[in-house]
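Reader: I would like to go through this model with you and ask, term by term, what justifies each description. Could you set each value against its definition?

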Amino acid sequence: MNQTRLFPTTVVGSLPRPQWVLDLFQRRWDGGISEEEFQQRLDNAVLFAIQLQDMAGIDIITDGEYRRESYVKIFAQRVSGFERDALDGSAILDDGNYFNPRSRQVLPPSEAKSPLRYPAVVQPIQYDQPLVLDDSRFLLANTSRPVKVTLPSPYILARRLWHPVFSHDAYPTREDFLEAILPILKEECRRLQSEGVHFIQLDDPWLSLFVDEGYRDHFEEVEREIHLSMDSINRVVEGLNVKTGVHFCRAHYNRQTGFRGDYSYLMPFLNELKVSQLVMEFALPNAGSLEVLENFPEEMELGLGCVDVRAVEIPDPDQIVGMVKEACRYVDRERITLNPDCGFAPSHTNPIPPDEAYLKLRAMAEAAQRLRNE
């Protein structure tokens, strides 16, 4: 790919898995396949993800996150110190209520029940094995295109994997746990850079949820939470010479999201980030107007979310072209990358079929080419 071309295209990270890949995960959980065979079979799945993006015309590709059960759990699975299935998938808010990431609901403790199980940190964590370094090596060896690798942000890991009861002996506070996460992510990013990864993206949808006024009401110190997230991101990427980015979205599951609000509340804080690109969603109907980009940081690139991954409909390339032209009123065209709003499958069980993802990506790539031709 020509690194200087206008409107490069990429995915946010995850791609839908074919049914046979979902069956492969089930066989591993049931103990019917060894980890070695599981990874060998997934090699073929990743090759499929690469070809899907290549055929769609995507410029900067990922491995579809095919090897991950979820983009957060990967940390607990490859770093020691966690108890599997200790939590019910909810996270405690400052006011004592629980936020369920699957239903996108805030619930009192008596109602915080979920079939989605999550690990909790119970011992001091140790960086025993790479998080996604081996995955990136396979990707780099099987494509000539620039490669993006995605990691969960320190803030979302601290929010999802720390519990005041289960985790207290290891890390008395969430902030203590966050401090322990930082050197692990920083070292992983350093290794990814040395392997030749083009773009390292940290995903922080839980920071993005503060766009919703109702969600903010559950926190006594919202700005403190925002600064905590942004400072931790800056500490992870400090010293890196590779392109870095942060993905902001309202999160989704089963084609739904329960949070509303544009980026106007967060926009004044974004100048604090020391990353190359902000990956933001604008195609979702409740994402608000592009006018919010009037205050977009002047030196930063924009990953423009121009495809709604939640909708069933395939967008018309002309529709995407119109959105990009509108964004160019506020952000220089040389600083705009095109991407969907979010990953197509942040959880491996998301119901979006691969063909739908392919057609949406193809429409986005066609829109990018029309813009270049103009």
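Reader: What makes you say that Arg28 lies over the face of Phe38?
Author: A charge sits over a ring if NZ of Lys or CZ of Arg is within 6 Å of the ring centre and within 35 degrees of the ring normal. Arg28 lies over the face of Phe38 at 4.0 Å from the ring centre, so the distance satisfies the limit of 6 Å. The charged end of Arg216 likewise sits over the ring of Tyr265, 3.9 Å from its centre. This is a predicted model, in which local features need pLDDT of at least 70 and side-chain atom pairs count only at pLDDT 80 or more, while totals for chains, interfaces and linings use all residues. Residues are numbered from 1 along each chain as its sequence is written, and side-chain values use heavy atoms, with hydrogens and water left out.

Reader: Which residues of helix H1 are buried, and how do you know that they lie on the same side?
Author: In H1, which spans residues 19–29, the buried residues are Val21, Leu24, Phe25 and Arg28; helices (H or I, at least four residues) and strands (E, at least two) are DSSP runs, numbered from the N terminus. These four residues cover an arc of only 100° around the axis, which puts them on the same side of H1, the arc being that of the directions from the helix axis to the C-beta atoms. Helix H2 (35–56) is included in what covers the buried residues of H1, and just after H1, Gly31 takes a positive phi of about 80°.

Reader: Why is the pair of Phe25 and Trp29 called tilted?
Author: Rings of Phe, Tyr and Trp (its six-membered ring) pair if their centres lie within 6.5 Å, and planes under 30 degrees apart count as stacked, over 60 as edge-to-face and the rest as tilted. Phe25 and Trp29 are 6.0 Å apart centre to centre, with 55° between the planes, so the pair falls into the tilted class. Both residues lie in H1, 4 residues apart, about one turn of the helix. The rings of Tyr265 and Phe269 are also tilted, because their centres are 6.0 Å apart and their planes stand at 45°. A search of the whole structure finds 10 aromatic pairs, and Phe75, Phe82, Tyr171 and Phe177 form one aromatic cluster.

Reader: Which of Phe25 and Trp29 is buried and which is partly exposed?
Author: Buried means under 20% relative accessible area, exposed over 50%, and partly exposed in between (1.4 Å probe, protein chains only). Phe25 has a relative accessible area of 0% and is therefore buried, whereas Trp29, at 32%, counts as partly exposed. In the other pair, Phe269 is buried at 10%, while Tyr265 is partly exposed at 25%.

Reader: Why does Phe166 count as partly exposed, and where does this residue lie?
Author: Phe166 has 39% relative accessibility, so it counts as partly exposed. Phe166 lies in the loop between helix H5 (154–161) and H6, and its C-alpha is 6.9 Å from that of Ala120, although the two are 46 residues apart in sequence.

Reader: What makes a set of residues a nonpolar core, and which members touch the most others?
Author: A nonpolar core is a set of buried Ala, Val, Leu, Ile, Met, Phe, Trp, Tyr and Cys residues joined through side-chain atoms within 4.5 Å. The largest nonpolar core has 112 residues, and Phe75, Ile125, Phe177, Leu273, Met280, Leu304 and Leu338 touch the most other members. Helix H6 (residues 174–195) gives the most to this core, with 9 residues.

Technical notes:
Contact means heavy atoms within 4.5 Å.
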